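Biologist: Could you take me through this model step by step, and tell me for each term what makes it apply?

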Amino acid sequence: MTDEAVPVYYSCIMCQAFSPSHVCVVTPERLGLCGAVSWFDAKATHELQPAGPCQVVTKERCIDERIGEYEDVNEVVKKLSQGALEDVSLYSIMEKPMTSCGCFECICGIEPFSNGVCIANREYAGQTPLGMTFSELASMTGGGVQTPGFMGHGKHFIASKKFMKAEGGVARIVWMPKELKEQVRDNLNKTAKELYGIDNFVDMIGDETIATDPEELVAFLTEKGHPALGMDPMM
């Protein structure tokens, strides 16, 4: 199921007890950042609790299809965040990214040397090429604030065709912990093949056994011919 195939999305504010300004917008191709709320889950929650944490979000007034911004979505986000947020995009990490609470399974952050992004999952305790651990990334990404260049998300979103679509999609992924790479390998390889015609894309992505230093990572990416090195600058 694609985002274009459904008439509505759903909001989720289950995490507002500890992050009052955070609002997830759940679509068929973008699950909640906790990884536990899919579009079907949100739909069922709304049907069972019409006044509950998951509300219908219409998507009839598109502002910018490239980044996935809608007037309808902005209105809901502004209302549910008590005015803390004015607007969000669904498909960009650089322009009006969706907020994060603290429940994210993963954090994605821009890596300037490689012109791509690194992803760290909660289970990974080591350093990343960004010079920060998951905990350090979480301290600057969570709390219900918009942080351009950083984004909390679920593991399954990594292989989505809507992942960072505005910035070029999954081809921007240059580093992930080895365990996470193996978890998403099949689906991510399939997406990269469909979008870019790249075979075995995951083998082009660095991990902690290859490099945690950005210069060493770039050397590896160059050897592999990673597509991010030839893409338009993110900054």
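## Sheets, helices and a cavity

Modeller: Let us start with one pair of residues: tyrosine 10 stands opposite valine 56 in β3. Please keep in mind that this is a predicted model.

Biologist: What makes β1 and β3 a pair of strands?

Modeller: Two strands count as paired when there are at least two bridges between them. Three bridges join β1 (8-12) to β3 (56-58), and these strands run antiparallel, so the condition for pairing is met. β1 is also joined to β2 (24-26) by three bridges, again in the antiparallel sense, and here serine 11 has valine 25 in β2 as its bridge partner.

Biologist: In which order do these strands lie, and which of them stand at the edges?

Modeller: They form an open sheet of three strands in the order β2-β1-β3, with antiparallel pairing. β2 and β3 are the edge strands, because each has a single partner strand, and one side of each is therefore left without a neighbour in the sheet. From one strand to the next, the twist averages 40°.

Biologist: Why is β1 described as largely enclosed by the rest of the structure?

Modeller: A residue is called buried when its relative accessible area is under 20%. Five of the five residues of β1 are buried, and that is why the strand is described in this way. Val8, Tyr10 and Cys12 point one way from β1, whereas Tyr9 and Ser11 point the other way, and all are buried.

Biologist: Which helices lie across this sheet?

Modeller: Helix α1 (residues 39-48) lies across β1, β2 and β3, and runs at about 75° to β1. Helix α2 lies across β1, β2 and β3 as well, running at about 140° to β3. In α2, which covers residues 71-80, the buried residues are Asp72, Val73, Asn74, Val76, Val77 and Leu80, and they pack against β1, β2, β3, β4 (62-64) and β5 (69-70). After α2 comes glutamine 82, whose phi is positive, near 55°.

Biologist: Lysine 78 is in helix α2 too, so how do you know whether lysine 78 should be called buried, partly exposed or exposed?

Modeller: Its relative accessible area is 39%, and since buried means under 20% and exposed means over 50%, lysine 78 falls in between and is called partly exposed. Leaving aside its neighbours within four places in sequence, lysine 78 is in contact with Gly83, Leu85 and Glu86.

Biologist: What makes methionine 234 a case to set beside lysine 78, and is methionine 234 buried or exposed?

Modeller: Methionine 234, in the segment after α5, has a relative accessible area of 11%, and because this is under 20%, the residue is called buried. Not counting residues up to four places away in sequence, methionine 234 touches several residues, including Ile93, Met94, Ile110, Val117 and Met164.

Biologist: What is the strand order of the sheet with four strands?

Modeller: That open sheet has the order β8-β6-β7-β9, with mixed pairing. β8 (150-153) and β9 (173-175) stand at its edges, each with a single partner strand, so one side of each is left without a neighbour in the sheet. The twist from one strand to the next averages 35°.

Biologist: How do you know that β7 and β9 pair?

Modeller: Strand β7 (residues 116-121) and β9 are joined in the parallel sense over two bridges, and since at least two are needed, they count as a pair. One partnership here is that of cysteine 118 with tryptophan 175 in β9. Helix α5 (residues 214-224) lies across β6 (106-111), β7 and β9, at about 120° to β9.

Biologist: What makes a space inside the model a cavity, and how many of 30 Å³ or more are there?

Modeller: A space is called a cavity if a 1.4 Å probe fits there but cannot get out, and by this rule the count comes to one of 30 Å³ or more. The largest cavity has a volume of about 50 Å³. Among the residues lining it are Cys24, Val25, Gly152 and His153, and the elements giving two or more residues to the lining are β2 and β8. The lining divides into five nonpolar residues, four polar and one charged.

Technical notes
Residues numbered from 1 in each chain as written. Predicted model: local features only at pLDDT ≥ 70, side-chain atom pairs only at ≥ 80, totals over all residues. Heavy atoms only, no water. Axes fitted to C-alpha atoms, helices over the stretch in contact; angles between N-to-C directions. Contact = heavy atoms within 4.5 Å. 1 Å grid on protein atoms, 1.4 Å probe; cavity = no way out; pocket = protein on both sides within 12 Å on 5 of 7 lines; lining within 4 Å. Points joined across faces, edges and corners; volume = space filled by probe spheres on them. Nonpolar A, V, L, I, M, F, W, Y, C, P; charged D, E, K, R; others polar. Buried < 20%, exposed > 50% of the residue type's maximum accessible area, 1.4 Å probe, protein only.
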